[in-house]
Amino acid sequence: MQNKKFSQRLSGWLTSEKPKTLESLLDNFQEKSFAIVFLLLMAIPALPLPTGGVTHVFELVVMLLSLELIVGRRTVWLPSRWQKLPLPKKFEAAALQPLLKLIRKAEKYSRPRLSNVLDNPLFDRVLGVVVFALSLFAFLAPPFSGLDTLPALGVVFISLALILEDFIVAVVGLIVGLVGVGLVLALGRLVFRLF
């Protein structure tokens, strides 16, 4: 199963008889558990759609999980009650299927580059700090402004980099995220001056 592309493994999980819970997902992708959870949770805020602050819950969970990375955890820990909750059918259709398409497209152009850097435990901690910061800026962006899109998209690219073991994609994610942080700060300063 390890020789299969990630998109094939995810598609296999989606079509399997296994219960569609977070626990099942984490068990299936243990070595990439942080990346898959970050990808799933930040994909919704990364869409350029007004969500009215609903995505703040996802961003808070990502911030908490990034703290686990910072302290050195290699796999996701969540309360067992949360892990056993079934993923909503709408989430499967609305988020997982489009993500599967995105991952397949990324797999066409991506290849393992500097994957030894991505496997370094020190890099995991730095990555935790970056994901925390980008999620925080996505969280602080005003609702209905669309400013949470770029920081969240940065986390999505970083997650894809971990999944595809491509350091270049991580650099792209960092650049996209930093542009988003710059926009949040610049527009925040402008609004502050106006009031």
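Visitor: What share of the chain's contacts with a separation of 6 or more comes from residues 24 or more positions apart?
Guide: This is a predicted model, where local features need pLDDT of at least 70, side-chain atom pairs count only at pLDDT 80 or more, and totals for chains, interfaces and linings use all residues. Residues are numbered from 1 along each chain as its sequence is written, and side-chain values use heavy atoms, without hydrogens and water. Contact means heavy atoms within 4.5 Å. For residues 24 or more positions apart, the share is 73%.

Visitor: How many helices and strands does the chain have?
Guide: Both are DSSP runs, numbered from the N terminus: helices are H or I with at least four residues, strands E with at least two. The count is 10 helices and zero strands.

Visitor: Is H3 largely enclosed or not, and how many of its residues are buried?
Guide: Buried means under 20% relative accessible area, with a 1.4 Å probe and protein chains only. H3 is largely enclosed by the rest of the structure, because its buried residues number 13 of the 14.

Visitor: Where is the kink in H3 centred?
Guide: The bend at a residue is the angle between axes fitted to the seven residues ending there and the seven starting there. In H3 the kink is about 25 degrees, and its centre is Leu40.

Visitor: Why is H9 roughly parallel or antiparallel to H10?
Guide: Axes are lines fitted to C-alpha atoms over the stretch in contact, and angles run from 0 to 180 degrees between N-to-C directions. H9 and H10 pack at about 170 degrees, with axes 7 Å apart. Angles over 145 degrees count as roughly antiparallel. Therefore H9 is, relative to H10, roughly antiparallel.

Methods
Parallel < 35°, antiparallel > 145°, perpendicular 65-115°, else oblique. Buried < 20%, exposed > 50% of the residue type's maximum accessible area, 1.4 Å probe, protein only.
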